[in-house]
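Q: I am new to this structure and would like a close look at a single part of it, with the surroundings described in a connected way. Please choose one residue as the starting point and work outwards from there.

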Amino acid sequence: MKQQEMKFRTWGGRRAGAGRKPRGEKAGVVHRRRPALAARFPVHVTLRMEREVWSLRSRRSYRVIEKAFRGGRDRFGFRLNEYSVQGNHIHLIAEATDGAALARGIKGLSIRIALGLNRLMSRKGRVIADRWHQHILRTPSEVKRALAYVLNNFRKHPAQKGKRLTTAFLDRFSSAIAGAPIVRARTWLLHQAQLR
């Protein structure tokens, strides 16, 4: 009797060209396990929209987004603390009790935004382009930089075109304006950064 050689299937596993292919011209957020989130750390989240979605920096689009924020700003252990709405993406600074609470909160906000914008544009289909990007803010300086980046994000776009905004300029499509649909920070890191 001759022993047969053991052969393994060749698909699956890590190899060149494996994995989900990027949608469109840009690769999206990689499908890796997200890092564990402790309740004491705030998170910077970015939601990017599909190309067909109208500019988010119009009054009609912003009204939809603001309504979504009001409905989902404090749910499932997720709290929306700061935001900035750009033409094709949204920056959020949020707190969550853990990674699952963050995922539920972002999913809830995404669904509210998608349904509202699709209704506004009289269309069906995907609104959020890809998985949301997150960056856990672990140090006071990281939180301070993230707050400055989110709340002053609109300043960099005119600056790229050679225009300058006054220091008193407040972006009306951000949480810098009075009455923005946000909740107060509970984490020490974010609370201290907002006091400065």
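**S84 and its surroundings**

A: The side chain of S84 comes to 3.3 Å from the backbone oxygen of V150, and this contact is the starting point for what follows. The model is a predicted one, with an average pLDDT of 85 for the protein and a score of at least 70 for 79% of the residues. Confidence varies along the chain, for among the elements of the protein β4 has the highest mean pLDDT, at 96, while helix α4, residues 153-160, has the lowest, at 66. Where pLDDT is low, the predicted coordinates should not be read in detail.

S84 itself is found in strand β3, and because its relative accessibility is 1%, below the 20% under which a residue is called buried, S84 counts as buried. Besides the approach to V150, the side chain of S84 makes a polar contact with the side chain of Q86, at 2.5 Å. If residues up to four places away in sequence are set aside, S84 touches H89, I90, H91, V150, N153, D171, F173 and S174.

One of these neighbours, F173, leads on to the aromatic pairs of the model, of which there are 2. The ring centres of Y62 and F173 are 5.2 Å apart and the ring planes stand at 80 degrees, so this pair is edge-to-face. Distant parts of the chain are linked in this way, since Y62 belongs to helix α1 and F173 to the loop between α4 and α5, with their positions 111 residues apart. Y62 is counted as buried because its relative accessibility is 7%, and F173 is likewise buried, with a relative accessible area of 5%. The other pair is made by F69 and Y83, whose ring centres are 4.6 Å apart with 50 degrees between the planes, an arrangement described as tilted. Here too distant parts of the chain are joined, with F69 in helix α1 and Y83 in strand β3, 14 residues apart, and both F69 and Y83 are buried.

The loop between α4 and α5 that holds F173 also contains L170. In contrast to F173, which is buried, L170 is exposed, with a relative accessible area of 52%. The C-alpha atom of L170 is separated by 8.6 Å from that of L151, although the two residues are 19 places apart along the chain.

Two names already met, I90 and F69, appear again when the view widens to the nonpolar core. The largest such core has 45 residues, and F69, V85, I90, L92 and L102 are the ones that touch the most other members. The elements that contribute two or more residues to this core are β1 (43-48), α1 (59-72), β3 (78-85), β4 (89-96), α2 (99-121), α3 (140-151) and α5 (188-195). Helix α2 gives the most, with 8 residues. In soluble globular proteins, nonpolar side chains tend to be buried together. L102 shows what surrounds one such member, since beyond residues up to four places away in sequence L102 touches L37, V43, V45, F78, A96, W132 and Q134.

V45 and Q134, both among the contacts of L102, also stand opposite each other, with Q134 in strand β5. Strands β1 and β5 pair in the antiparallel sense over 4 bridges, and β1 and β4 likewise pair in the antiparallel sense, over 6 bridges. Across from H44 stands I93 in β4. Strand β1 is mostly covered, with 5 of its 6 residues buried.

Two loop residues complete the picture, each with a backbone feature to note. F76, in the loop between β2 (74-75) and β3, has a positive phi of about 60 degrees although it is not a glycine, and F76 is partly exposed because its relative accessibility is 43%. S122, in the loop between α2 and β5 (133-136), also is not a glycine, yet has a positive phi of about 50 degrees. With a relative accessible area of 69%, S122 is exposed, whereas S84, at 1% relative accessibility, is buried.

Methods: Residues are numbered from 1 along each chain as its sequence is written. Side-chain values use heavy atoms; hydrogens and water are left out. A nonpolar core is a set of buried Ala, Val, Leu, Ile, Met, Phe, Trp, Tyr and Cys residues joined through side-chain atoms within 4.5 Å. Buried means under 20% relative accessible area, exposed over 50%, partly exposed in between (1.4 Å probe, protein chains only). Contact means heavy atoms within 4.5 Å. A polar contact is a pair of N or O atoms within 3.5 Å; within protein, one must be able to donate a hydrogen and the other to accept it, and residues adjacent in sequence count only if both atoms are side-chain atoms. Two strands pair if DSSP finds at least two bridges between them. pLDDT is the predictor's confidence in each residue, from 0 to 100. Rings of Phe, Tyr and Trp (its six-membered ring) pair if their centres lie within 6.5 Å; planes under 30 degrees apart count as stacked, over 60 as edge-to-face and the rest as tilted.
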